[in-house]
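Me: I should like to learn how to read the features of a protein model. May we work through one together?

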Amino acid sequence: MIARVRTADGVFEIDVEAEEVLREVDEAVDHERLDLQLPRLVAASAAGSTVVAVVDRRPPLAISHDAGGTWREAGGGLPPGFAVAVDAENPDRVLYAGRNRLYLSTDGGTFWRSLAPELRDVEAVAWATEP
């Protein structure tokens, strides 16, 4: 899976499985726009009925698997976040961005692992539709 990450230094494609920066690209990456009535909302992403919201508090995530009907807290061990992307083809795959590192969940946000590449000042993330 390829992710695109907008940073202070430009937009980069990241191979999430190999955990490496592939190249700098000339692509727009912006926050997904969702109308959520959550306090302290930083960013959000959705795929199907799965909605993941980054909030400015601890833990930094609120996750819904019923299109926002109910929410659960997640990411207790994660640092404060700036962006999130839910994979449209597999809503259990979620990419979360801290200030300079990406975190991946493959189980809908229950468990997270940090990815190796360090990036300067991550601003937005998105799953690439093509490599």
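**Reading a predicted model**

Reply: Let us begin with burial. At a relative accessibility of 3%, Glu-13 counts as buried, because the cut-off for burial is under 20% relative accessible area. The model is a predicted one.

Me: Where is Glu-13 placed, and which side chain does the side chain of Glu-13 join in a polar contact?

Reply: Glu-13 belongs to strand 2. Its side chain and that of Arg-4 are joined by a polar contact of 2.9 Å.

Me: Is Asp-87 buried or exposed, and where does Asp-87 lie?

Reply: The same kind of reading applies. With a relative accessible area of 5%, Asp-87 is buried, because burial means under 20%. Asp-87 is found in the loop that lies between strand 8 (83-86) and strand 9 (94-97).

Me: What does the side chain of Asp-87 reach, and which residues does Asp-87 touch beyond four places away in sequence?

Reply: The side chain of Asp-87 reaches the backbone nitrogen of Glu-89 at 3.0 Å. Leaving aside residues up to four places away in sequence, Asp-87 touches Met-1, Ala-47, Arg-93 and Trp-127.

Me: How should I read the two strands on either side of that loop?

Reply: One looks at direction and at bridges. Strand 8 and strand 9 run antiparallel and are joined by four bridges. Ala-85, for example, has Leu-95 of strand 9 as its bridge partner. Strand 8 is covered on both faces: Ala-83 and Ala-85 are buried on one side, and Val-84 and Val-86 are buried on the other.

Me: What is the general idea behind a nonpolar core?

Reply: In soluble globular proteins, nonpolar side chains tend to be buried together. Here, the largest nonpolar core has 16 residues, and those with the most contacts inside it are Val-5, Leu-95, Leu-102, Val-125 and Trp-127. Among the elements that give two or more residues to this core are strand 1 (2-7), strand 2 (10-15) and strand 10 (101-105). Strand 12 contributes the largest share, three residues. A second, separate core has 14 residues, including Leu-61, Ile-63, Ala-74 and Tyr-103.

Me: Which residues lie nearest the centre of the largest pocket, and which strands each supply at least two residues of its lining?

Reply: A pocket is read through its volume and its lining. The largest pocket has a volume of about 330 Å³. Its lining comprises 23 residues, of which Val-86, Ala-88, Ala-126, Trp-127 and Ala-128 lie nearest the centre. Strand 4 (41-47), strand 8 and strand 12 each supply at least two residues of that lining.

How values were computed. Residues are numbered from 1 along each chain as its sequence is written. This is a predicted model: local features need pLDDT of at least 70, side-chain atom pairs count only at pLDDT 80 or more; totals for chains, interfaces and linings use all residues. Side-chain values use heavy atoms; hydrogens and water are left out. Buried means under 20% relative accessible area, exposed over 50%, partly exposed in between (1.4 Å probe, protein chains only). A polar contact is a pair of N or O atoms within 3.5 Å; within protein, one must be able to donate a hydrogen and the other to accept it, and residues adjacent in sequence count only if both atoms are side-chain atoms. Contact means heavy atoms within 4.5 Å. A nonpolar core is a set of buried Ala, Val, Leu, Ile, Met, Phe, Trp, Tyr and Cys residues joined through side-chain atoms within 4.5 Å. Two strands pair if DSSP finds at least two bridges between them. On a 1 Å grid over the protein atoms alone, a cavity is a set of points where a 1.4 Å probe fits but cannot get out, and a pocket is an open set with protein on both sides within 12 Å along at least five of seven lines; lining residues have an atom within 4 Å of a point. Grid points are joined across faces, edges and corners, and a volume is the space filled by probe spheres set on the points.
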